[in-house]
Amino acid sequence: MLSQIVSALGVVVVAVFACSAYFYFSNKILDWSLPVKDGDIHSAARNLNRRAMIRPWLFIGPALFLLVVYLVYPVIATLILSFYDRSGEQFVGFANYRWALTDREFRQSIFNNILWLAVVPAACTFFGLVIAVMTDRIWWGNIAKSIVFMPMAISFVGASVIWKFIYEYRGGNDVQIGLLNAIVQLFGGTPQVWISVPLWNNFFLMVILIWIQTGFAMVILSAALRGIPEETIEAAVIDGANGWQIFWRIMVPQVWGSIAVVWTTITILVLKVFDIVLTMTNGQWNSMVLANLMFNWLFRGGGDSGRSAVIALIIMLAVTPIMVWNVRRANRELGGH
């Protein structure tokens with residue numbers, strides 16, 4: 001453990017030193033290659049203009065390089081790979097795409113992803129907004145926010161293990177140690193293997209992600225709510241608005257930009273959901289999602305590079321419009337200011 005901490009600190013120190021050295025020496029080289037000499041006004045002005053044009057690229061150059069290496073190149077390579085067979089050696093044209101359109105498990109994964117998209121972002125945003133409003137009105141609100149935010153510190157696998165105990169089922173006459181089955185049994189119901197119930201198991205898995213991400217939504221929306229002028233709320237109260245009207249007609253419209261940010265961020269996360277499904281069901285009982293299906297085709301049963309590449313492209317295509325919309329919305333807001 002100590003060696004890992006020392007290694008991590010060493011990497012941080014080396015990285016900071018390397019970045020500082022790069023920016024320092026690159027600026028020195030730029031100034032040396034384009035000198036500003038006294039007595040030659042035209043040459044000095046030209047070199048100063050060139051420095052001003054080149055210097056920003058020195059700063060963003062490493063980021064652009066990493067972007068190309070770790071984002072642009074993999075996307076292009078994945079697109080090319082989708083036209084090849086499982087080994088990535090023989091060209092098969094659109095065969096992998098035809099497989100995707102006809103495969104039952106792929107269609108089930110699409111359906112499940114749509115379910116996740118319809119439920120999780122809306123639930124996280126709604127609960128986060130409600131909790132943010134309620135905790136701002138009580139003296140122990142900060143304690144409540146800390147408790148709600150705490151699951152954010154847990155990994156998806158860790159959270160799945162916790163909820164696996166909640167959904168745990170014991171057969172026969174064994175005592176039910178799963179919280180949900182214990183409650184059901186307490187009220188005279190029959191214990192169930194909840195995560196094996198088709199369709200409904202998707203919702204039981206969604207609860208885990210909602211539990212984790214509600215804290216994120218709460219923090220962002222709580223900060224946005226604090227930016228609403230008190231005069232606006234007071235004016236609404238004077239005009240006779242009740243709490244419900246203030247919430248929907250005053251608060252929500254004024255924090256709509258933050259709601260959109262939270263919604264799109266969680267939507268992108270949902271499209272990439274993997275760990276929870278893998279840990280809880282491994283895609284069994286019709287709970288498969290696209291990320292897990294891609295993992296299965298890439299690493300299991302000998303692997304199939306072509307089909308896994310098709311699934312990866314579909315995930316990227318699903319994420320792209322959301323990211324473009326978010327960027328355009330941010331640009332419009334900046335332009336408005």
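**Notebook: overall form and annotated spans**

I began with the radius of gyration: the protein chain has 27 Å, whereas a compact globule of 337 residues would have one near 20 Å. I note that the model is a predicted one. I then took the extent of the C-alpha trace, which spans about 95 × 75 × 45 Å along the principal axes of the protein chain.

*Secondary structure.* I counted 14 helices and 0 strands in the protein chain. Reading from the N terminus, I recorded the order of elements as α-α-α-α-α-α-α-α-α-α-α-α-α-α.

*Contacts and burial.* I looked up the contacts with a separation of 6 or more; in the protein chain, 68% of them join residues 24 or more positions apart. Of the 337 residues, I found that 35% count as buried.

*Surface and charge.* I noted an accessible surface of about 20,700 Å² for the protein chain, with 70% of this area belonging to carbon and sulfur atoms. I listed 22 positive and 17 negative side chains, and the centres of these two sets lie 6 Å apart.

*Record.* I consulted UniProt, where an unreviewed entry lists "transmembrane region" for residues 6–25, 57–84, 114–135, 147–166, 203–225, 246–271 and 308–327. I checked two of these spans against the model. Residues 114–135 are 100% helix and 0% strand, and I found their end C-alpha atoms 32 Å apart. For residues 308–327 I recorded 100% helix and 0% strand, with 28 Å between the end C-alpha atoms.

Conventions:
Residues numbered from 1 in each chain as written. Predicted model: local features only at pLDDT ≥ 70, side-chain atom pairs only at ≥ 80, totals over all residues. Heavy atoms only, no water. Helix = DSSP H or I, 4+ residues; strand = E, 2+ residues; numbered from the N terminus. Rg over C-alpha atoms; globule rule 2.2 N^0.38 Å. Buried < 20%, exposed > 50% of the residue type's maximum accessible area, 1.4 Å probe, protein only. Contact = heavy atoms within 4.5 Å. Areas by Shrake-Rupley, 256 points an atom, 1.4 Å probe, with all protein chains shown as cover. Lys, Arg positive; Asp, Glu negative; His and termini not counted. Charge placed at Lys NZ, Arg CZ, Asp CG, Glu CD. UniProt positions renumbered as here; feature names shortened; annotations may be inferred.
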